[in-house]
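Trainee: I am new to this structure and would like to take a close look at a single part of it. Could you walk me through one loop and then show me how its surroundings fit into the rest of the chain?

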Amino acid sequence: MDIFSAGCALTELFNEVHDAPFDLSELLAYCSSEDNDFKHLDNLEDPDIRELIRSMSERNPARRQSAEVYLAQERNRVFPEYFYSFLQPYMLIFSAAPILSPDEKISRLRKDMQNIIKILRTDIGEEKGSVESGDGDWKEREEDGGDSENSEADGLVIITALVTSCIRGLHHCTSKLHCLDMLLELAVHTSSETILDRILPYVIHLVRDPFPRVRVRAIHTVTNCLELVKSVPCSDANIFPEYVLPGLAAV
């Protein structure tokens with residue numbers, strides 16, 4: 001059941017739809033039908049993603065694989081190598097006990113950010129993983145293999161989400177300043193869509209921070225991030241008159 005649910009979640013994510021793949025009546029009809037026709041798969045362009053979700057959404061539970069099997073078989077196909085060699089072990093630092101506070105997480109991320117970007121921004125045909133040294137610092141190592149440029153950007157989106165998830169829980173002025181610096185650094189290496197949808201809203205939030213130094217740094221960060229935007233999607237066409245300018249006017 002968990003695998004089927006994960007397949008439905010992946011379907012919704014890759015189709016970028018707002019509704020779940022099934023409502024109750026559709027789910028009952030799907031379970032009682034004799035074929036395995038999952039209509040939402042037709043809209044998926046990536047054949048590897050399509051086959052993965054098709055397997056995860058099998059009507060017969062016995063034909064679905066375990067999460068471990070899917071992770072192993074999709075390595076370097078659906079899931080890039082750095083998910084295994086770097087990202088998953090690194091993210092454990094922030095989810096395993098003892099749980100770090102938001103300020104502690106930002107401090108650790110600030111310390112590692114240069115290496116993180118180097119690891120995730122590798123050349124095509126060359127892959128860089130990481131190993132943890134005895135003092136807890138992540139160091140680069142190079143291995144054979146390769147990731148596409150898009151996959152590297154996806155990895156930085158995950159790191160961006162980790163940074164922004166800490167913002168509302170920060171207490172120290174220094175942590176907020178470091179957070180803004182990291183968001184700008186990440187913006188340099190990510191897409192215009194990521195800047196507008198995943199970075200800018202959190203920077204605008206800090207424009208209204210109680211600390212004057214944070215407000216000033218946030219305004220500079222907004223300006224620098226917007227300079228990096230090369231194209232504006234139709235969905236964000238009104239971002240300046242409806243969001244950016246009103247957010248700055250409130251300072």
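Mentor: Let us begin with leucine 100, which sits in the loop between H5 and H6, and let us keep in mind throughout that what is shown here is a predicted model. With a relative accessibility of 25%, leucine 100 counts as partly exposed, because the partly exposed class runs from 20% to 50%. If the neighbours within four places in sequence are set aside, leucine 100 is in contact with Ile93, Phe94 and Lys105.

The loop that holds leucine 100 has another feature to look at, since proline 98 also lies between H5 and H6. The peptide bond that leads from alanine 97 to proline 98 is cis, and its omega is near 0°. As a general background to this, most peptide bonds are trans.

From the loop we can move to the two helices on either side of it. Helix H5, which covers residues 81-95, packs with H6 at an angle of about 175°, and their axes are 12 Å apart. H5 and H6 are therefore roughly antiparallel to each other, because an angle over 145 degrees is counted that way. On the H5 side, the contact is made by Tyr82, Phe86, Tyr90, Ile93 and Phe94, while H6 brings Lys105, Arg108, Leu109, Asp112, Ile116, Ile119 and Leu120 to it. Sorted by class, the residues of this contact of H5 with H6 are nine nonpolar, three charged and no polar ones. Here you can return to the starting point, for Ile93, Phe94 and Lys105, which touch leucine 100, are also among the residues through which H5 and H6 meet.

On the other side of H5, the loop between H4 and H5 contains asparagine 76. Asparagine 76 has a positive phi of about 65°, although it is not a glycine, and the general background is that most residues other than glycine have a negative phi. Asparagine 76 counts as partly exposed, with a relative accessibility of 49%.

If you follow H6 to its other end, you come to arginine 121, in the loop between helix H6 (102-120) and strand S1 (127-132). Arginine 121 counts as partly exposed, at 31% relative accessibility. Although arginine 121 and glycine 155 are 34 residues apart in sequence, their C-alpha atoms are 8.9 Å apart in space.

Earlier in the chain there are further loops to compare with the one you asked about. Leucine 41 has its place in the loop between H2 and H3, and it is buried, with a relative accessible area of 0%. Beyond its neighbours within four places in sequence, leucine 41 is in contact with Arg50, Ile53 and Arg54. Leucine 41 and phenylalanine 14 are 27 residues apart in sequence, and 9.6 Å separates their C-alpha atoms. Serine 57, in the loop between helix H3 (47-56) and helix H4 (67-73), is likewise buried at a relative accessible area of 0%. A polar atom of the side chain of serine 57 lies 3.3 Å from the backbone oxygen of arginine 54, and Arg54 is one of the residues in contact with leucine 41. Tyrosine 30, by contrast, is found within a helix, namely H2 (residues 24-32), and it counts as buried at 5% relative accessibility. The C-alpha atoms of tyrosine 30 and arginine 59 are separated by 7.7 Å, with their positions 29 residues apart along the chain.

Towards the other end of the chain, the axes of helix H9 (residues 192-207) and helix H11 (residues 239-249) come within 9 Å and cross at roughly 30°. That angle makes H9 roughly parallel to H11. H9 contributes Leu196, Leu200, Pro201, Ile204 and Val207 to the contact, and H11 contributes Ile239, Tyr243, Val244, Gly247 and Leu248. The residues of this contact of H9 with H11 are nine nonpolar, one polar and no charged ones.

Finally, let us place these parts in the whole. The protein chain has 11 helices and two strands, and along the sequence they follow the pattern α-α-α-α-α-α-β-β-α-α-α-α-α. Of its 251 residues, 40% count as buried. Among the contacts in the chain with a separation of 6 or more, 61% are between residues 24 or more positions apart. The chain exposes about 14000 Å², of which carbon and sulfur atoms supply 52%.

Methods: Residues are numbered from 1 along each chain as its sequence is written. This is a predicted model: local features need pLDDT of at least 70, side-chain atom pairs count only at pLDDT 80 or more; totals for chains, interfaces and linings use all residues. Side-chain values use heavy atoms; hydrogens and water are left out. Helices (H or I, at least four residues) and strands (E, at least two) are DSSP runs, numbered from the N terminus. Buried means under 20% relative accessible area, exposed over 50%, partly exposed in between (1.4 Å probe, protein chains only). A polar contact is a pair of N or O atoms within 3.5 Å; within protein, one must be able to donate a hydrogen and the other to accept it, and residues adjacent in sequence count only if both atoms are side-chain atoms. Contact means heavy atoms within 4.5 Å. Accessible areas come from the Shrake-Rupley method with a 1.4 Å probe; for residues, only the protein chains shown count as cover. Axes are lines fitted to C-alpha atoms, for helices over the stretch in contact, and angles run from 0 to 180 degrees between N-to-C directions. Angles under 35 degrees count as roughly parallel, over 145 as roughly antiparallel, 65 to 115 as roughly perpendicular and the rest as oblique. Ala, Val, Leu, Ile, Met, Phe, Trp, Tyr, Cys and Pro count as nonpolar, Asp, Glu, Lys and Arg as charged, and the others, Gly among them, as polar.
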